[in-house]
Amino acid sequence: MSTVETASADSARTGSRSQEVLAAAAVAVAVALLAQLPVLVNSAFYFWDDSAAQFLPMWHELGERLLAGQWPALLEPDSWMGGNIAGEALFGVWNPLHLAEFVLVVAVGDLAVAAALVKTQFLVLLGVGTHLLCREYGASRAVAAVFGVALPVSGFVLYFQAASWAGGLMGLAWVPWAWWASRRTCHRRGPLWAAFAAGYLCVSAGDPYAVLALVLVFAGLLAEFRFMRVSGTRRMCVLAASVGLTVPLVFWPVLATTAVGWRTGFVLFNVGMLAPDPGDLLNLSLPGFVPQIRSFGSFRMTVPAMYFAWFVVPLLAWLDWGAFARRAREFAGPLIVAACAVLLCLGPSQVGLFRWPLRHLPLAYLALSVVFAVVVSAGLRRDRVWLRWSVTVGVLVLCGYLSFAAWPSLWFAYAVSLLLTGGLLAIALRVRLMPLVLHAGTVVALVLQLCWFPANRDVADYNFPSDVRRLRDDFAGLRTGTVVQIADRAAIPQEDIASGAVWRHLLFGNMHAVAGVPSLVAYTGIGYRALHDRLCLGYFGAHCPDAYRRLWTVDETGVPLADQLKVRHVVVQRQLIDAPVPPSGWRVVQRNDVVTRFERVAALAWPDGRVGASRGVRVESDVERGTRTEDVRFSAVDRTGGRIVFARLAWPGYQATVDGARVPLRATSAGLVEVSVPPGARAGSLRLTWSPPGYPGCLVLAGAGAVLAVLGSRKAVWS
């Protein structure tokens with residue numbers, strides 16, 4: 001029995017700082033180059049699904065806010081249901097790097113190009129962080145680089161997080177950095193404030209899955225220190241407490257919206273959506289494997305979401321697991337994190353705010369990267385060659401059969417995948433520079449996957465235009481006031497979506513924000529239930545045909561909803577209502593094959609603010625001061641008091657004062673802010689303000705966390 005390329009944890013971490021920097025830089029360059037391959041196959045690869053409908057448009061809007069000197073941008077009233085930025089959390093407005101990315105999106109001017117640039121950066125962050133984490137646990141420099149390059153281009157990370165769910169990618173990218181910094185801190189090889197900064201960046205990304213990952217990492221490290229009998233527990237507790245104090249700043253507004261939103265956060269059920277089974281996890285090394293997992297509108301997926309790295313399963317029989325077992329206590333953290341993440345992957349489809357278990361897969365692969373990187377660094381076994389080859393071939397044949405059973409018509413891709421993995425393994429076992437072969441296989445596997453699966457067809461393909469200047473030119477006529485669009489994407493012929501012709505007349509998601517159009521159409525994950533019920537709004541802005549009638553209906557406020565919302569333009573899709581008749585005070589300004597567009601004839605009252613209706617009180621003036629404050633001058637209040645309705649959704653956090661005294665406010669049946677003016681006041685000043693619920697307290701807690709981290713960095717704390 002013999003081993004080759006053996007390396008201990010201590011020797012693996014040795015090396016000059018310049019060598020470590022060069023290795024990390026090489027990983028960054030490799031990941032950045034590989035990240036461009038999807039764009040060569042599909043120019044809109046990163047401008048897809050939620051990235052196109054939600055993230056890139058809102059990043060552009062937030063970038064413009066920043067350039068105008070407005071921060072923090074926590075509320076966008078003109079985005080309506082998608083305007084509670086604090087409540088959405090996932091835009092990461094408290095993360096300084098994310099803010100820089102928003103400005104970059106504005107500077108680029110093309111959303112598809114900006115998407116590729118931003119996501120490349122976060123894929124690089126993930127790759128370099130994974131490399132450093134593997135090095136921290138004792139992997140050799142070359143092998144750590146292999147996993148640092150492989151994880152960012154793994155199936156779920158690339159096809160779901162990078163292509164669509166950008167918030168998940170941006171949160172995941174900080175996890176290995178927080179893990180790496182935390183372990184170094186607790187082993188007295190780094191300051192606590194640096195680990196706090198990494199943990200804060202992870203939390204402030206706004207992705208709850210990243211926060212859950214951080215909790216598992218901290219728990220794993222505590223267990224690891226316990227097993228190793230080292231003195232890092234106290235530092236770990238201080239670090240966890242300091243980072244934990246920043247969580248309310250980002251996520252408390254999310255919970256506060258549950259009273260009015262459609263996502264309650266207290267849900268437990270299982271419908272099998274994006275939930276793998278144990279057999280799917282076995283196929284993590286076959287590039288062509290497409291799992292039979294229930295996806296959006298389909299009983300199976302269309303992309304290799306379970307893929308991790310081509311060499312992991314083929315190398316199982318050749319690794320020196322005995323060497324790893326002798327040091328197993330050192331790796332309690334990665335093993336615990338991997339086990340918990342796998343269990344979460346196999347769990348219910350929704351647990352509270354966490355839905356679609358497959359989202360936990362990248363964390364499992366990150367933890368497994370650490371384990372495998374250390375084992376591979378210890379060398380390969382060269383004894384019992386025939387037995388090892390027999391086991392390897394048997395496992396690959398089983399993987400091939402499971403793949404064929406899941407989707408028989410893709411047999412050619414499975415055959416090529418098996419030949420690729422088997423052939424590359426044979427080469428890797430015979431050459432001295434094995435890491436180079438592993439890298440080469442990663443590149444070849446990615447190229448094949450992009451040829452077979454150029455886009456993620458499991459999610460929506462909007463094919464939105466990405467040129468900001470063109471969008472603003474096309475919709476210049478709608479930029480003078482709030483727009484209500486009565487339309488449904490499902491009613492659009494597929495050829496019109498493919499050609500992009502329909503997007504000169506209609507837009508969904510947050511695309512109106514890029515065009516500079518205030519619109520009820522917005523993409524939201526939290527929603528506002530009352531307005532949703534009144535106008536049957538969808539999460540990405542679709543309306544039912546009956547919304548047109550409801551728009552002109554008078555409710556308890558005494559005026560039509562269109563007036564309460566201060567609507568200036570109405571766009572109606574002709575496939576829903578072919579020839580809508582405008583009400584009195586409105587005129588048709590455009591009718592084509594796609595839409596009919598109305599415009600209000602008379603000027604709106606109180607054009608400088610958002611007062612939409614009043615009853616029992618005369619509004620003299622209304623001035624909107626930023627997105628979160630409004631000042632109203634009034635007179636002639638009825639003896640029974642008056643009511644003023646604002647064209648603002650009544651998100652939790654609004655307060656109103658009349659001449660400095662607090663007055664009650666409530667939500668109308670449509671979900672708009674309604675302020676009660678007390679009787680007896682012949683004239684006065686009303687101020688309406690909004691801030692996220694618990695905002696001052698959350699800021700104090702976050703500041704306390706930072707102070708605790710700084711104080712914890714002093715040696716006296718540990719003496």
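**Pockets, strands and cysteines of a predicted model**

Me: Into how many nonpolar, polar and charged residues does the lining of the largest pocket divide?
Reply: The model considered here is predicted. Its largest pocket is lined by 41 residues, and Asp50, Arg263, Arg355, Trp356 and Arg359 lie nearest the centre. By class, the lining of the largest pocket divides into 20 nonpolar, 11 polar and 10 charged.

Me: Which element supplies the largest share of the lining of the largest pocket?
Reply: The volume of the largest pocket is about 930 Å³. Two or more lining residues come from each of several helices, among them H5 (85–88), H9 (155–162) and H4 (50–67). The largest share amounts to three residues, and the helix that gives it is H4.

Me: What volume does the largest cavity hold?
Reply: Six cavities of 30 Å³ or more are found in the structure. Around the largest of them stand 14 lining residues, with Leu172, Tyr209, Ala213, Arg359 and Leu363 closest to its centre. H10, H12 and helix H18 (361–377) each contribute at least two residues to that lining. The space in the largest cavity is about 110 Å³.

Me: How many charged residues belong to the lining of the second largest cavity?
Reply: The second largest cavity has a volume of about 90 Å³. Of its 13 lining residues, Leu74, Ala86, Val93, Trp94 and Val250 are the closest to the centre. The lining comprises 12 nonpolar residues and one polar residue, while the charged residues number none.

Me: Which residues of strand S12 point to the buried face?
Reply: In a regular strand, side chains alternate between the two faces of the sheet. Strand S12 (residues 654–658) shows this alternation, with Gln655 and Thr657 on a face where they are not buried. On the other face, the buried side chains are those of Tyr654, Ala656 and Val658.

Me: Which residue of S16 stands opposite glutamine 655?
Reply: S12 pairs with strand S16 (residues 683–690) in the antiparallel sense, over five bridges. Within S16, the residue opposite glutamine 655 is threonine 689.

Me: What is the phi of aspartate 659 in the turn between S12 and S13?
Reply: S12 also pairs in the antiparallel sense with strand S13 (residues 661–663), over three bridges. Across this pair, alanine 656 stands opposite valine 663. The two strands form a hairpin with two residues between them, and the phi of aspartate 659 in the turn is positive, at about 55 degrees.

Me: Is the disulfide of cysteine 536 and cysteine 544 left-handed or right-handed?
Reply: A search of the whole structure finds one disulfide. Cysteine 536 and cysteine 544 are joined by it, with an S to S distance of 1.8 Å. The torsion about their S-S bond is about -70 degrees, so the disulfide is left-handed.

Me: Why is cysteine 202 not bonded to cysteine 186?
Reply: Cysteine 202 counts as buried, because its relative accessibility is 0%. A disulfide requires two cysteine sulfur atoms within 2.5 Å. The closest cysteine sulfur to that of cysteine 202 belongs to cysteine 186, and no bond forms because the separation is too far, at 16 Å.

Me: Is cysteine 399 buried or exposed?
Reply: Cysteine 399 takes part in no disulfide, and the nearest cysteine sulfur, in cysteine 345, is 17 Å away. Buried residues are those under 20% relative accessible area. The relative accessible area of cysteine 399 is 4%, so this residue is buried.

Notes. Residues numbered from 1 in each chain as written. Predicted model: local features only at pLDDT ≥ 70, side-chain atom pairs only at ≥ 80, totals over all residues. Heavy atoms only, no water. 1 Å grid on protein atoms, 1.4 Å probe; cavity = no way out; pocket = protein on both sides within 12 Å on 5 of 7 lines; lining within 4 Å. Points joined across faces, edges and corners; volume = space filled by probe spheres on them. Helix = DSSP H or I, 4+ residues; strand = E, 2+ residues; numbered from the N terminus. Nonpolar A, V, L, I, M, F, W, Y, C, P; charged D, E, K, R; others polar. Buried < 20%, exposed > 50% of the residue type's maximum accessible area, 1.4 Å probe, protein only. Pairing = 2+ DSSP bridges.
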